[in-house]
Each structure stands twice: as C-alpha cells, then as structure tokens.
Amino acid sequence: MNEFLNAMPKAELHVHLEGTLEPELMFELAWRNGIALPFDSVEALTAAYQFGNLQDFLDLYYQGAAVLQTEQDFYDLTWAWLQRCHAQNVQHVEPFFDPQAHTHRGVDIGTVISGISQALYDAQKQLGISSQLIMSFLRHLDEEDAIATLNQAELWLECIAAVGLDSSEQGNPPEKFARVFELARQQGLRCVAHAGEEGPAAYVWQALDSLQVSRIDHGVRAIEDPALIQRLIEQRIPLTVCPLSNVRLQVYPHMSKHPILTLLEQGVCVTVNSDDPAYFGGYMSENFIALQRDLNLTTQQALQLAANSFEASFADPERKTQLQQQLQAFAQAHGVNLAA
Ligand code: HPA
Ligand code: ZN
C-alpha cells in the first residue's frame with residue numbers, strides 16, 4: 001500500500017515553500033550567507049520541533065526563513081522540494097510563498113519571485129511538474145502592508161496565479177483583508193485563504209463571503225458547523241487539508257481523531273497536503289501513509305483524494321484532463337475502478 005500511495009499521481013495544493021526548508025539546507029544557507037543560527041547542530045534544531053500550537057511553530061518558521069537571502073537561495077529551496085515531489089509522483093503543485101517574511105528583512109520581492117519561478121520553470125521542463133504559484137499575505141500584519149506587498153509584486157504578476165492568507169489565525173479574521181483581496185481579484189488573481197485551522201468555523205464563512213475565495217486552506221473546523229458543511233458540499237468548495245500538520249500543531253491529539261475521511265465520506269471535496277513538510281515530519285506520501293496507518297485509508301479513498309486534488313487545482317482545463325487521465329490509468333493498472 002505504501003508503494004501504491006507513493007506512486008499514485010497527485011497534486012500538492014497546500015505547501016509553504018519556506019516550510020520545505022530542511023535543517024541541512026538551513027545550515028548550509030546560513031553558512032553561505034554568514035548568518036548565525038541559535039542552534040549548534042541539525043540535531044539541536046530538530047529537537048526544537050515540538051510545537052504546542054501554531055504560534056510556537058511560526059516563531060521557528062520565520063527564524064528559519066531568515067537564512068534565505070539571494071535569488072539562488074530561493075531557487076535551491078524550491079528545486080530541492082520539487083525533486084522530492086518528483087520522487088513521490090506529485091504531478092502538479094501550487095506552493096505558497098510569504099513575501100513579507102523576506103521583504104521585511106530587506107530582501108527585494110523580485111529576488112524571491114524570480115528564484116522560485118526559475119525553479120518552477122525548470123521543474124516543468126525537466127520533471128514534467130506543472131505549477132501555479134500563490135502569494136500569501138501574513139495576517140498578523142495589517143492590511144496596508146498586504147496592499148503594499150501586492151503593489152511591490154506588480155511587475156511579477158504573470159508569475160503569480162493567486163493570493164492567499166496565512167500566519168497567526170486567531171484574532172486575525174479574514175474580513176480584515178477584504179480590500180486587498182478585492183484589489184487582487186481586480187488584477188485577475190484567484191483567491192484562497194487559511195481558515196478554520198485554529199480559528200472558528202465563522203472564519204471559513206468570512207473567507208467565502210468577504211474574500212470570495214475559491215478554496216479554503218485547512219478548513220477542518222468547518223466540521224463543527226453543519227450549515228457550513230452543506231455549503232461546502234453544494235458549492236463544491238475544496239478544503240486543502242494537512243493531516244500531519246494538524247497533529248503536529250495539536251489541532252487533533254492523534255491522527256486517529258482526524259476528520260478528513262469523515263469529510264470525504266460526507267461529500268466534501270477534501271485534498272491531502274503537507275503544509276510545512278520539513279517541520280511536520282513528511283511530504284505528500286507520508287501524509288497519505290499516516291492516513292492509511294491510523295484511519296485505515298482504502299485505495300478507493302486514496303484515489304478519490306488524488307482526483308479531488310486535480311479537480312481543486314488551478315491547472316488549466318487541458319492539464320486537468322491530462323492529470324485525471326493519468327490517475328485513471330494508474331487506477332486501472334492496479335485493478336481499481338476510480339469512477340465508483
Ligand atoms: N498555518 C498558518 N500559517 C502558516 C502555516 C500554517 O499551517 N504554515 C506556514 N504559515
Ligand atoms: Zn498552511
């Protein structure tokens with residue numbers, strides 16, 4: 001089954017590039033850029049990866065991201081992650097990046113976007129991985145800062161498919177960003193937002209109504225609100241769920257308590273994603289494998305989750321058809337009927 005899950009074609013729709021920074025690369029970039037890390041070794045760093053909640057994690061995540069300085073650094077980060085995607089047959093990716101985590105340290109937004117985009121371009125050419133890039137705003141900062149960031153990205157908009165909203169959720173409701181999302185839509189960008197991870201189901205409603213998002217990142221707390229679940233099902237609004245992340249950040253005490261398969265069986269378009277794989281113990285395959293181990297994920301459910309990831313993606317229609325056909329062929333080769 002593990003081999004099946006690893007070889008299954010799939011899309012990653014919820015991953016923060018800064019969260020793919022493996023400890024070894026963090027140390028290498030720190031050395032390259034003459035930056036002192038407050039840890040003596042990879043072991044000392046990873047020993048600190050014990051998170052009581054989202055904020056505990058974010059404090060380390062921003063500290064780690066500070067080693068990223070040059071275009072080459074952003075290229076190396078993105079390329080290392082894409083090779084892992086390739087090894088797990090991830091055929092399409094829609095990563096987030098947090099420009100404000102870099103511009104606030106004096107790194108130009110063009111440095112960030114050009115390094116990332118070059119790696120995504122090379123992955124398309126060399127690995128056959130298609131991509132759409134999502135620029136995410138930090139919700140613990142104010143809306144003016146997000147608007148300034150959107151303006152700074154003006155020359156780079158052709159590299160960006162959508163805007164997102166991440167960082168500390170509680171106390172930073174989606175409606176705080178209604179204007180910047182409106183401006184982004186006017187620029188032709190799609191909208192997604194983290195909501196209902198630590199924050200309440202009300203934040204998912206707000207993301208839909210105030211920000212007009214076409215997808216919710218996490219959204220697991222929607223399960224507390226039957227009317228909201230009904231809306232997600234009727235409007236086929238995807239939730240990009242991150243199982244290992246939710247357990248590592250104590251949203252659920254154990255994977256056996258995770259509601260992803262309940263949501264799937266209710267008819268919600270849920271997908272499996274890795275969020276911050278370098279920090280949470282796994283990439284795409286490890287997330288699927290954890291569901292199999294602790295929730296008895298079936299092959300049929302795994303295929304449905306992969307099909308959902310293609311459906312929920314921002315890939316163009318031809319690419320979507322191609323991806324769904326790849327999955328069909330994979331299912332058939334394993335004697336499973338995907339359409340069931
Ligand atoms: N939630 C919110 N913000 C984030 C996350 C997350 O899981 N990862 C990186 N930024
Ligand atoms: Zn996330």
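Helix α7 (residues 109-127) contributes the most to the lining of the largest pocket, with 4 residues. Keep in mind that this is a predicted model. The pocket itself has a volume of about 230 Å³. Its walls are built from Ser117, Leu120, Tyr121, Gln124, Ser131, Gln132, Leu133, Glu158, Cys159, Ile160 and Ala161. Sort those by character and you get 6 nonpolar, 4 polar and 1 charged.

Now for the enclosed space. The structure has 1 cavity of 30 Å³ or more. The volume of the largest cavity is about 100 Å³, and of the 15 residues lining it, His16, Leu54, Phe57, Leu58 and Asp276 are the closest to its centre. Here helix α4 (residues 54-65) gives the most to the lining, with 5 residues. The lining of this cavity splits into 6 nonpolar, 4 polar and 5 charged.

Here are the two spaces side by side:

| Space | Volume | Helix giving the most | Lining make-up |
|---|---|---|---|
| Largest pocket | about 230 Å³ | α7 (residues 109-127), 4 residues | 6 nonpolar, 4 polar, 1 charged |
| Largest cavity | about 100 Å³ | α4 (residues 54-65), 5 residues | 6 nonpolar, 4 polar, 5 charged |

On to the sheets. One of them is an open sheet of 3 strands in the order β1-β2-β4, with parallel pairing. β1 (10-12) and β4 (130-131) sit at the edges with a single partner strand each, so one side of each has no neighbour in the sheet. Strand β2 (residues 90-93) runs parallel to β1, and 3 bridges join the two. β2 is also joined to β4, again in parallel, by 2 bridges.

Val93 is a handy residue to look for when you trace this sheet. In β2, Val93 has Glu12 standing opposite, and Val93 also stands opposite Ser131 in β4. Ser131 turns up again among the residues that line the largest pocket. A helix goes with this sheet too: α15 (residues 284-295) lies across β1 and β2, and its direction is at about 110° to β1.

Another open sheet has 7 strands, ordered β3-β5-β6-β7-β8-β9-β10, and its pairing is parallel as well. Its edge strands are β3 (96-97) and β10 (270-272), each of which pairs on one side only. β3 pairs with strand β5 (residues 134-138) in the parallel sense, over 2 bridges. Within that pairing, Phe96 stands opposite Ile134 in β5. Helix α9 (residues 178-186) packs on this sheet and touches β5, β6 (162-166) and β7 (190-195); the direction of α9 makes about 165° with that of β6.

Last, the charged pairs. Side chains of opposite charge can pair when their charged atoms come close. A search of the whole structure turns up 12 salt bridges. One of them is a good example: Arg32 and Asp76 meet through their side chains at 2.6 Å, N to O. Why does this pair tie together parts that are 44 residues apart in sequence? Arg32 lies in helix α2 (residues 23-33) while Asp76 lies in helix α5 (residues 71-87), so the salt bridge links the two helices.

Terms used:
Residues are numbered from 1 along each chain as its sequence is written. Chains are lettered from A and ligands numbered from 1 in the order in which they are written. This is a predicted model: local features need pLDDT of at least 70, side-chain atom pairs count only at pLDDT 80 or more; totals for chains, interfaces and linings use all residues. Side-chain values use heavy atoms; hydrogens and water are left out. Two strands pair if DSSP finds at least two bridges between them. Contact means heavy atoms within 4.5 Å. Axes are lines fitted to C-alpha atoms, for helices over the stretch in contact, and angles run from 0 to 180 degrees between N-to-C directions. On a 1 Å grid over the protein atoms alone, a cavity is a set of points where a 1.4 Å probe fits but cannot get out, and a pocket is an open set with protein on both sides within 12 Å along at least five of seven lines; lining residues have an atom within 4 Å of a point. Grid points are joined across faces, edges and corners, and a volume is the space filled by probe spheres set on the points. Ala, Val, Leu, Ile, Met, Phe, Trp, Tyr, Cys and Pro count as nonpolar, Asp, Glu, Lys and Arg as charged, and the others, Gly among them, as polar. A salt bridge is a side-chain nitrogen of Lys or Arg within 4 Å of a carboxyl oxygen of Asp or Glu.
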